[in-house]
Amino acid sequence: MSALLEVRGLRTVFPGESGPVPVVDDIAFDLDRSEVLALVGESGSGKSMTALSILRLVPKPGRVDAGAVALEGENLLDLPVTAMRRIRGRRISMIFQEPMTCLNPVLPVGAQVVEAIQLHEAISTVDARARTRDLFAEVGIPDPEARLDAYPHQLSGGLKQRVMIAMALSTRPEILIADEPTTALDVTVQAQILALLRDLQRERRMAILLITHDLGTVNELADRVAVMYAGRLVEVAERRALLSEPLHPYTRGLLRSMPALARPGERLPEIPGVVPPPDQWPSGCRFSTRCAERFEPCADRVPSETEPAPGRRVWCHDVERRLDGGAGK
Ligand SMILES: Nc1ncnc2c1ncn2[C@@H]1O[C@H](COP(=O)(O)OP(=O)(O)O)[C@@H](O)[C@H]1O
Ligand SMILES: [Mg+2]
């Protein structure tokens, strides 16, 4: 059976001084039903643009210029605008890092969820309000009936994010895209929101595309992981395999800087340097300028996809060389 969502050859560009600059470049992955797939990478890797490309919400003058995003075989990139709006309302929902910026400060939060439900369904206000109260209870908002009439500024950051999750769930989506859903929250609240997402995913059997720069979050929630660097995938693997035996030098670097692996007071090693801006991405392996393992082909040639183990994909000349060596070539 094919995957619920199949992303193939996805490329998204912004105009640059000397032509279009890709910020998402030839990305391909599957999201299965009821699966949590984490999309991981440092800031500026193209994670949010990948999500926005899937939903056809790339801000202008950016645009998706190649690829396919198939939801049960139907390419979303070919749909008329009205049909795409229905998909966004009913089948794929998204929550963002900053719940504050998505809520209207002058409307009670309950009314905002009621409005979102009524946008997609012919349902009376009384019924939509009852459903909103149930959703508030489901996402762990205490005293949900009273909270319906609260204004955003009367709620903590964690409660506002719960309201956003309730709104995203209100249309019973098959896929939830969560873009750094806990980054703006305190550590204890982060853990609560992650636990909530895990429970909701299990109960509703939703698929989640979880965008994060934090491998601790991956460890809590993900079934599989896709690691992105500078607009491209570098490694895709099951969570356990990726965390116990990362194959790409970039994944290893991310893992070394993961707090859970450090002793208290120890300074975490970081990958030297930063993700360069898209118009300065190297022509070969994009990570080559920061990679400790680089050798002769890395700066010039884009690494091809290798499958070192079933279900595992890596794009790295060094991994390729080892695989070839192992095969006696
Ligand atoms: N409106 C824009 N115009 C031009 N470039 C942009 C715009 N928005 C984002 N980018 C670029 O796209 C790249 C990927 O950004 P983004 O997807 O937000 O990364 P991430 O979510 O991984 O931090 C970044 O290098 C960023 O500079
Ligand atoms: Mg982002």
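Two strands count as paired if DSSP finds at least two bridges between them. On that basis, this predicted model holds an open sheet of eight strands with mixed pairing. A second open sheet has four strands and antiparallel pairing. Helix 7 lies across strand 6 and strand 7 of the eight-stranded sheet. Helix 4 and helix 5 cross with their axes within 9 Å.

**The eight-stranded sheet**

- The strand order is 6-7-8-3-9-10-12-11.
- Strand 6 (92-95) and strand 11 (306-309) form the edges. Each has a single partner strand, so one side of each lacks a neighbour in the sheet.
- Neighbouring strands are turned by 20° against each other on average, direction ignored.
- Strand 3 (residues 36-40) and strand 9 (residues 224-229) run parallel and are joined by four bridges.
- Within that pair, Val 40 has Val 227 of strand 9 as its bridge partner.

**The four-stranded sheet**

- Here the order is 2-1-4-5.
- Strand 2 and strand 5 (74-75) are the edge strands, and each pairs on one side only.
- Strand 1 (residues 5-16) and strand 2 (residues 19-31) run antiparallel, with ten bridges between them.
- These two strands make a hairpin, with two residues between them.
- Glu 6 has Asp 30 of strand 2 as its bridge partner.
- Strand 4 (residues 63-71) pairs with strand 5 in the antiparallel sense over two bridges.
- In that pairing, Ala 70 is matched with Asn 75 of strand 5.

**Helix 4 against helix 5**

- Two packed helices are described by the angle between their axes and the distance between the axes.
- For helix 4 (residues 109-120) and helix 5 (residues 125-138), the axes come within 9 Å and cross at roughly 115°. The crossing is right-handed.
- Helix 4 contributes Gly 110, Val 113, Val 114, Ile 117 and Gln 118 to the contact. Helix 5 contributes Thr 125, Ala 128, Arg 129, Arg 131, Thr 132 and Leu 135.
- By class, the contact has five nonpolar, four polar and two charged residues.
- Helix 4 has twelve residues and spans 18 Å from first C-alpha to last, close to the expected 16 Å.
- Its buried residues are Val 109, Gly 110, Gln 112, Val 113, Val 114 and Ile 117.
- The cover over these buried residues includes helix 5, helix 6 (144-147) and helix 7 (157-169).
- An α-helix has 3.6 residues a turn, so residues three or four places apart point the same way.

**Helix 7**

- Helix 7 has 13 residues and reaches 18 Å from its first C-alpha to its last, close to the 18 Å expected.
- The helix is mostly covered, with eleven of its 13 residues buried.
- Among the buried residues are Lys 160, Gln 161 and Arg 162, along with Leu 159, Val 163 and Met 164.
- It lies across strand 6 and strand 7 (175-179) and runs at about 170° to strand 6.
- Leu 169 also belongs to helix 7. Leu 169 has 19 other C-beta atoms within 10 Å, so it counts as partly exposed; the cut-off for buried is 20 or more.
- Leu 169 touches Leu 135 and Leu 200, leaving aside residues up to four places away in sequence.
- Leu 169 and Leu 243 are 74 residues apart in sequence, and their C-alpha atoms are 30 Å apart.

**Helix 10**

- Ala 241 sits in helix 10 (residues 239-244).
- Ala 241 is partly exposed because it has 17 C-beta neighbours inside 10 Å.
- Ala 241 and Thr 50 are 191 residues apart along the chain, with their C-alpha atoms separated by 24 Å.

**Backbone points to check in the loops**

- The peptide bond from Lys 60 to Pro 61 is cis, with omega near 5°. Pro 61 lies in the loop between helix 1 (47-54) and strand 4.
- Glu 72 is not a glycine, yet it has a positive phi of about 45°. It lies in the loop between strand 4 and strand 5. Glu 72 is exposed, because 12 other C-beta atoms lie within 10 Å.
- Asp 143 also has a positive phi, near 50°, in a residue other than glycine. Its place is the loop between helix 5 and helix 6. Asp 143 is exposed, with 10 other C-beta atoms within 10 Å.

Methods:
Residues numbered from 1 in each chain as written. Chains lettered and ligands numbered in written order. Predicted model: local features only at pLDDT ≥ 70, side-chain atom pairs only at ≥ 80, totals over all residues. Axes fitted to C-alpha atoms, helices over the stretch in contact; angles between N-to-C directions. Left-handed = near helix turned anticlockwise from the far one by under 90°. Contact = placed C-beta atoms within 7 Å. Nonpolar A, V, L, I, M, F, W, Y, C, P; charged D, E, K, R; others polar. Expected span 1.5 Å × (residues − 1).
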